There are 2 protein chains.
Amino acid sequence: MTKPLPTGATIGILGGGQLGRMLSVAASRLGFKTCVFEPGGDCPASHVANYHFQASYDDTEALRKFGEAVDVITYEFENIPTSALDQLEALCEVRPNRRALTISQDRMNEKAFLQEIGLNVAPFMAVDTLEDMHKAVAEVGAPSILKTRTLGYDGKGQARLRDAGDADAAFAAMNGASAVLEGFVDFSCEISVIGARAADGQVACFDPGENVHRDGILDTTTVPASVPAALRTDAVLMAGRILNALDYVGVLGVELFVTPAGLIVNEIAPRVHNSGHWTQNGCVIDQFEQHIRAVAGWPLGDGSRHADVVMENLIGADMDKVPELSADPAVALHLYGKADAKTGRKMGHINRISPKT
Amino acid sequence: MTKPLPTGATIGILGGGQLGRMLSVAASRLGFKTCVFEPGGDCPASHVANYHFQASYDDTEALRKFGEAVDVITYEFENIPTSALDQLEALCEVRPNRRALTISQDRMNEKAFLQEIGLNVAPFMAVDTLEDMHKAVAEVGAPSILKTRTLGYDGKGQARLRDAGDADAAFAAMNGASAVLEGFVDFSCEISVIGARAADGQVACFDPGENVHRDGILDTTTVPASVPAALRTDAVLMAGRILNALDYVGVLGVELFVTPAGLIVNEIAPRVHNSGHWTQNGCVIDQFEQHIRAVAGWPLGDGSRHADVVMENLIGADMDKVPELSADPAVALHLYGKADAKTGRKMGHINRISPKT
């Protein structure tokens, strides 16, 4: 794929959640059609996409039809089964590329990659056996946190160690999954950068946002982040380094800890990111359109910020606040069309807008 | 319909063009599903709607299914056949109401209504026969413009009279359709107000924009309009008067001529309006979401403007400029996903953004 996709082309999206929904909307704004691949029915993205392939990731016939129906493939989540990717890549270009996926699917690969390109990460060690676990605690220390190498998100697949005595329980909590012990980082806050890289190497990053989590799930992102301007610049430069090292095409989320010794990369996500939802009301071109522009081979848009924004996730019963929020003039609502407001489920978000300071 | 629609409800939209497309996207942002009724296939709105009833407006079976599938009905064009409306109104509430449609479908009704509520319109007279035509030219004078009473848009169904000698030719151009002769208004510019009224009577208007037409089709809308602040306030108050007089629910476009003697109403459109597309990048809540909020019985959003904007329509071959426009950092692109860039066809628009002055 060397030429920009013409308007009217079809963009395939793996995953039909809220990120796929907002990607579909952004694609429609540029005149693209979208085709969503998602095993679940009545998924958020299917409401706004042209087509929905409702099939499992091991349905090779459905994957073939999907791969043949679209002009480029992107994704809203990083845990796409390898066999599905193998099949799709043979049919159609997948953006961002395989390397970004391979690295971000596995916490050990991710940390090794980040160290390799000269970025700071928390001390870490792989844990496959109870013996590894004890070695890792001796090396990395405690407090620390044990995380599965793959498939963890929103605090799932994690066990905290207050001290070395928690080691056996934490190991048991992994249920035999390969894990990584990460040293505790004494950080003052977490920030994230949403970076984008076009097919021709052009890079653009949105202003770093400051993230607050609640119960392991992102609660709010605030822009501007309350950190010195120099640190914000550092964060953007680090995101740029990651994008270039991966020869990345698309939008990437980079979470960073702010520590007295500078920035430490927590993790990267090879996709649009919850902490970038503020861009929908803070910028002319949001992270979703930026991603679509990149994967379509278009130039990136201008991501400069025109407002201060606090993004708040609406999780589970937070939906009860919608009537009140809908009457608040400073609030822009974004709801995902999910039927059941289950505990811990991301149902929507709001952006609270104020003039740029 | 006395209660606000809950998120997850389905909004029916009559018409599947670009306005329906952008209404669908706005509805999705609030968690609503959309169902589009449009005879044409592969229409712009069908790309982003949950369902597309592809059927003609005299297909009573399809209309019944549509009316039963949705929780409220709105429309993107005012020329909905009366028989279809009769059937749908019996099944489901239609917003904006029938009176707004009846008035705006017929230029004579519209002008009579506007005069009745004390607003200024151009001198006018109904023309059904050649005898009427000559009377009308004697009364209204020339230059003037003869327009069909119904179904005209974008300069279609109109004939200009430079002087009384053009009367017979203009009359012949109507092909027997009932028409209205409108006196020439010596205006310095045209402005328009996009007003919204909620089910509870709350009214909110966007800043008036200044419109320039080319070949009878809207070319650009600029905000702020280059008219004195007092005139902008007048325009907004006039829009408010129209909304209240019609007991209107939804967004309404009001076109006004700026003359030395003040504002003269050119026409009203009971729907989102091309001259309101700037709101997508100039406001947190755009005209499309404002309309959806109103028809869903929600409170209106804050429509205050945070940027200066020039909206430019992309018509026909203007699509050739898309690659260049996509690289311009001050430009937000909005493309409609139409397959053929025919001459005179609205294919998309751009909003050129600059800081608010």
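Contact here means heavy atoms within 4.5 Å, and it is in this sense that helix packing is described below for the predicted model. Helix α6 of chain A, residues 130-140, lies across β5, β6, β7 and β8 of chain A and runs at about 175° to β5(A). Helix α5 of chain A, which spans residues 107-116, likewise lies across β5, β6, β7 and β8 of that chain, its angle to β5(A) being about 150°.

The strands that these helices cross form an open sheet of four in chain A, ordered β5-β8-β6-β7, with antiparallel pairing. Because β5 (124-127) and β7 (158-161) of chain A stand at the edges, each with a single partner strand, one side of each is left without a neighbour in the sheet. On average, and with direction ignored, neighbouring strands of this sheet are turned by 20° against each other. Within the sheet, strand β6 (residues 144-148) of chain A is joined by five bridges to the antiparallel strand β8 (residues 179-183) of chain A, and Thr148(A) has Ala179(A) as its bridge partner in β8(A).

In chain B, four strands form an open sheet in the order β5-β8-β6-β7, and the pairing is antiparallel. The edge positions are held by β5 (124-127) and β7 (158-161) of chain B, each of which has a single partner strand, so that one side of each lacks a neighbour in the sheet. From one strand to the next the twist averages 20°. Strands β6 (residues 144-148) and β8 (residues 179-183) of chain B run antiparallel and are joined by five bridges, with Ala179(B) in β8(B) serving as the bridge partner of Thr148(B). Helix α5 (residues 107-116) of chain B packs on the sheet, where β5, β6, β7 and β8 of chain B are touched, and its direction makes about 150° with that of β5(B). Helix α6 (residues 130-140) of chain B lies across these four strands, β5, β6, β7 and β8 of chain B, at about 175° to β5(B).

Further antiparallel pairing in chain B involves strand β11 (residues 209-214), which three bridges join to strand β9 (residues 189-197); here Gly209(B) in β11(B) is the bridge partner of Ser192(B). Five bridges also join β11(B) to the antiparallel strand β12 (residues 217-223) of chain B, in which Thr222(B) stands opposite Glu210(B). The strands β11(B) and β12(B) form a hairpin with two residues between them, and Asp215(B) in the turn has a positive phi of about 50°.

The contact between the chains takes 35 residues from chain A and 35 residues from chain B. The area buried between them is about 2,700 Å², of which carbon and sulfur atoms give 57%. Of the area that chain B buries against chain A, 18% is supplied by His47(B), Val284(B) and Ser326(B), more than by any other three residues.

The structure holds one cavity of 30 Å³ or more, and the largest cavity contains about 700 Å³ of space. Its lining comprises 39 residues, of which Arg29(A), Gln280(A), Asp286(A), Arg29(B) and Asp286(B) lie nearest the centre. Elements of both chains give two or more residues to this lining, namely α1 (18-29), α9 (279-282), α10 (287-295) and β16 (331-335) of chain A, together with α1 (18-29), α9 (279-282), α10 (287-295) and β16 (331-335) of chain B. By residue class, the lining of the largest cavity divides into 21 nonpolar, 10 polar and eight charged residues.

Terms used:
Residues numbered from 1 in each chain as written. Chains lettered and ligands numbered in written order. Predicted model: local features only at pLDDT ≥ 70, side-chain atom pairs only at ≥ 80, totals over all residues. Heavy atoms only, no water. Pairing = 2+ DSSP bridges. Axes fitted to C-alpha atoms, helices over the stretch in contact; angles between N-to-C directions. 1 Å grid on protein atoms, 1.4 Å probe; cavity = no way out; pocket = protein on both sides within 12 Å on 5 of 7 lines; lining within 4 Å. Points joined across faces, edges and corners; volume = space filled by probe spheres on them. Nonpolar A, V, L, I, M, F, W, Y, C, P; charged D, E, K, R; others polar. Buried area = accessible area lost by both parts, 1.4 Å probe.
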